[in-house]
Amino acid sequence: MGVTAALAGASGYAGGEILRLLLAHPHFEVGTLTAGSNAGQRLGALQPHLVPLADRVLSETTVDALAGHDVVFLALPHGQSAEIARQLGDDVLVVDCGADFRLHDAADWEHFYGSEHAGTWPYGLPELPGARDLLRGTKRIAVPGCYPTVSLLSCFPAFAEGLVEPDVVIVAASGTSGAGKSPKTHLLGSEVMGSASAYGVGGVHRHTPEIGQGLAAVAGGPVTVSFTPTLVPMSRGILATCTAKIKPGVSTAQVREAYEKAYAAEPFVHLLPEGQWPATAMVYGANTALIQVTVDERAGRLVAVGAIDNLAKGTAGGAVQSTNIALGLAEDLGLSKTGVAP
Ligand SMILES: NC(=O)C1=CN([C@@H]2O[C@H](COP(=O)(O)OP(=O)(O)OC[C@H]3O[C@@H](n4cnc5c(N)ncnc54)[C@H](OP(=O)(O)O)[C@@H]3O)[C@@H](O)[C@H]2O)C=CC1
Ligand SMILES: CC(=O)N[C@@H](CCC(=O)OP(=O)(O)O)C(=O)O
């Protein structure tokens with residue numbers, strides 16, 4: 001099966017990772033590649049690690065350039081996808097790595113993104129209950145944010161089984177590639193090296209409603225989310241630490257049972273053996289999420305820790321996984337379960 005794919009945002013981090021994965025995928029042919037200010041450049045000048053595509057020249061991001069492919073991946077800043085998707089038509093599978101179509105609640109969208117809500121597409125986190133049914137055969141996929149991916153995978157089994165109160169505290173440490181490639185003052189080497197910092201503090205980060213939406217769906221009612229992102233000096237990876245008040249009498253064994261049930265058949269999500277805790281180095285370059293859980297008996301809280309590579313399972317890998325499902329391909333095609341170590 002030959003699947004042609006165009007990519008908008010090929011000069012960025014998410015776009016570069018999508019291309020790395022498509023090059024290793026047995027069914028994809030890489031078609032048109034587009035960018036914004038870098039249109040006209042050779043891909044090799046911007047993404048030198050993608051040697052087989054080095055001589056490709058980036059086109060301007062127009063509907064005409066992207067049309068005529070089976071799949072169009074959009075790895076563009078928020079707000080750029082809706083108009084392109086509308087004009088591409090329903091016969092093309094459009095996979096949006098941006099946030100535009102992730103949220104159901106228009107008021108949440110307007111509050112956190114400050115613009116008009118474009119709509120809601122099937123959410124590309126296949127491990128969530130019911131998600132695969134919506135993804136199979138779909139022509140539109142909203143790829144989750146990187147923090148929501150790791151937070152939901154770390155927490156949802158406990159909420160789905162009603163083991164915790166509907167109130168979660170999440171602190172997550174991300175590598176700097178999560179912020180994209182375009183220059184930002186707070187990402188200057190001299191600001192980031194040797195320092196960890198908090199940002200988006202106080203419930204203002206836009207991933208807060210996305211995490212709440214996913215947990216509410218499995219819990220069957222609203223879940224309060226306190227989410228604090230932090231930036232740490234590494235390029236890739238997110239480590240999320242999630243805690244929630246455990247319901248009376250719930251033991252670590254019961255919690256583990258819920259996670260084992262949720263992830264036993266999952267190709268990419270692994271509950272680690274008791275006592276082993278996730279680290280971002282374990283998932284570098286892989287589409288895996290490694291999870292560990294326990295109950296802090298003295299505090300009466302569930303503690304769940306998850307690690308992903310933000311560019312792999314957190315963006316491009318998640319996008320390709322959901323695309324495989326939408327196209328009726330084996331879900332794990334082109335995706336690695338093997339990290340890079342040390
Ligand atoms: N980085 C991550 O870990 C994650 C990213 N995402 C999402 O993926 C998307 C891409 O993110 P990321 O790759 O990190 O960002 P980057 O800043 O690294 O890349 C952005 C890309 O979009 C292009 N672009 C910017 N403005 C325009 C425009 N007006 N018209 C056409 N192209 C444009 C850029 O082209 P040029 O270089 O020419 O300016 C570049 O190719 C975002 O929506 C992001 O939120 C989602 C999950 C995680
Ligand atoms: C470290 C860092 O800055 N991370 C990004 C999250 C990236 C992500 O998941 O992207 P979406 O914008 O597609 O939701 C942030 O906090 O804004």
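At which residue does UniProt place the feature "active site"? The unreviewed entry places this feature at Cys-146, and the legends below describe that residue and other parts of the predicted model.

**Figure 1. Overall confidence of the predicted model.** The structure shown is a prediction. Its chain has a mean pLDDT of 97, and 100% of the residues reach 70 or more. For the complex, the predictor gives an ipTM of 0.98 and a pTM of 0.98.

**Figure 2. Close-up of Cys-146, the residue that carries the UniProt "active site" feature (unreviewed entry).** Cys-146 is found in helix H7, which spans residues 146–160. The residue counts as buried because 30 C-beta neighbours lie inside 10 Å, where 20 or more are required. When neighbours within four places in sequence are left aside, Cys-146 is in contact with Gly-178, Ile-238, Asn-310, Gly-314 and Thr-315. Cys-146 is also one of the residues that surround ligand 2.

**Figure 3. Surroundings of ligand 2.** The residues around this ligand are Gly-98, Ala-99, Gly-145, Cys-146, Tyr-147, Ser-174, Gly-178, Ala-179, Gly-200, Pro-229 and Leu-231. Helix H7 and strand S9 (224–231) are the elements that give two or more residues to this shell. Sorted by class, the shell around ligand 2 has six nonpolar and five polar residues, and no charged residues.

**Figure 4. Surroundings of ligand 1, between domain 1 and domain 2.** A total of 30 residues surround ligand 1, and the closest are Gly-12, Gly-36, Gly-98, Gly-180 and Lys-181. Two or more residues of this shell come from each of helix H1 (13–23) and helix H11 (312–327). H1 provides the largest share, with three residues. The class composition of the shell around ligand 1 is ten nonpolar, 19 polar and one charged. Ligand 1 lies between the two domains because domain 1 (3–144 + 313–327) and domain 2 (147–310) both give residues to its shell. Gly-98 appears among the closest residues to ligand 1 and also among those that surround ligand 2.

**Figure 5. Contact between domain 1 and domain 2.** The domain assignment divides the chain into domain 1, comprising residues 3–144 + 313–327, and domain 2, comprising residues 147–310. Taken over C-alpha atoms, the centres of the two domains are separated by 24 Å. Domain 1 contributes 21 residues to the contact, and domain 2 contributes 26 residues. On the side of domain 1 that touches domain 2, helix H5 (106–113) and H11 each supply at least two residues. H11 gives the most to this side, with six residues. By class, this side of domain 1 has nine nonpolar, seven polar and five charged residues.

**Figure 6. Close-up of Ala-160 in helix H7.** Ala-160 counts as partly exposed, because 18 C-beta neighbours lie inside 10 Å. Apart from residues up to four places away in sequence, Ala-160 touches Pro-129 and Val-218. Ala-160 and Pro-129 are 31 residues apart in sequence, and the C-alpha to C-alpha distance between them is 8.8 Å.

**Figure 7. Close-up of Val-225 in strand S9.** Val-225 is buried, since 27 other C-beta atoms lie within 10 Å. Residues up to four places away in sequence not being counted, Val-225 touches Val-168, Ile-170, Thr-208, Ile-211, Gly-212 and Leu-215. One of these contacts, Thr-208, is 17 residues from Val-225 along the chain, and the two C-alpha atoms are separated by 6.5 Å. Strand S9 also gives residues to the shell around ligand 2.

**Figure 8. The cis peptide bond between Ala-341 and Pro-342.** The omega angle of this bond is about -5 degrees. Pro-342 is found in the segment after H11.

**Figure 9. The region annotated in UniProt as "domain: Semialdehyde dehydrogenase NAD-binding" (unreviewed entry).** According to the record, the annotation covers residues 4–136. Over these residues the chain is 30% helix and 17% strand, and the end C-alpha atoms are 18 Å apart.

Key
Residues are numbered from 1 along each chain as its sequence is written. Chains are lettered from A and ligands numbered from 1 in the order in which they are written. This is a predicted model: local features need pLDDT of at least 70, side-chain atom pairs count only at pLDDT 80 or more; totals for chains, interfaces and linings use all residues. pLDDT is the predictor's confidence in each residue, from 0 to 100. A residue is near a molecule or strand if its C-beta atom, placed from the backbone, lies within 6 Å of it. Helices (H or I, at least four residues) and strands (E, at least two) are DSSP runs, numbered from the N terminus. Ala, Val, Leu, Ile, Met, Phe, Trp, Tyr, Cys and Pro count as nonpolar, Asp, Glu, Lys and Arg as charged, and the others, Gly among them, as polar. Domain bounds come from an automatic or database domain assignment. UniProt positions are given in the numbering used here, feature names are shortened, and annotations may be inferred rather than shown by experiment. A residue is buried if 20 or more other C-beta atoms lie within 10 Å of its own, exposed if 12 or fewer, and partly exposed in between; C-beta atoms are placed from the backbone. Two residues are in contact if their C-beta atoms, placed from the backbone, lie within 7 Å.
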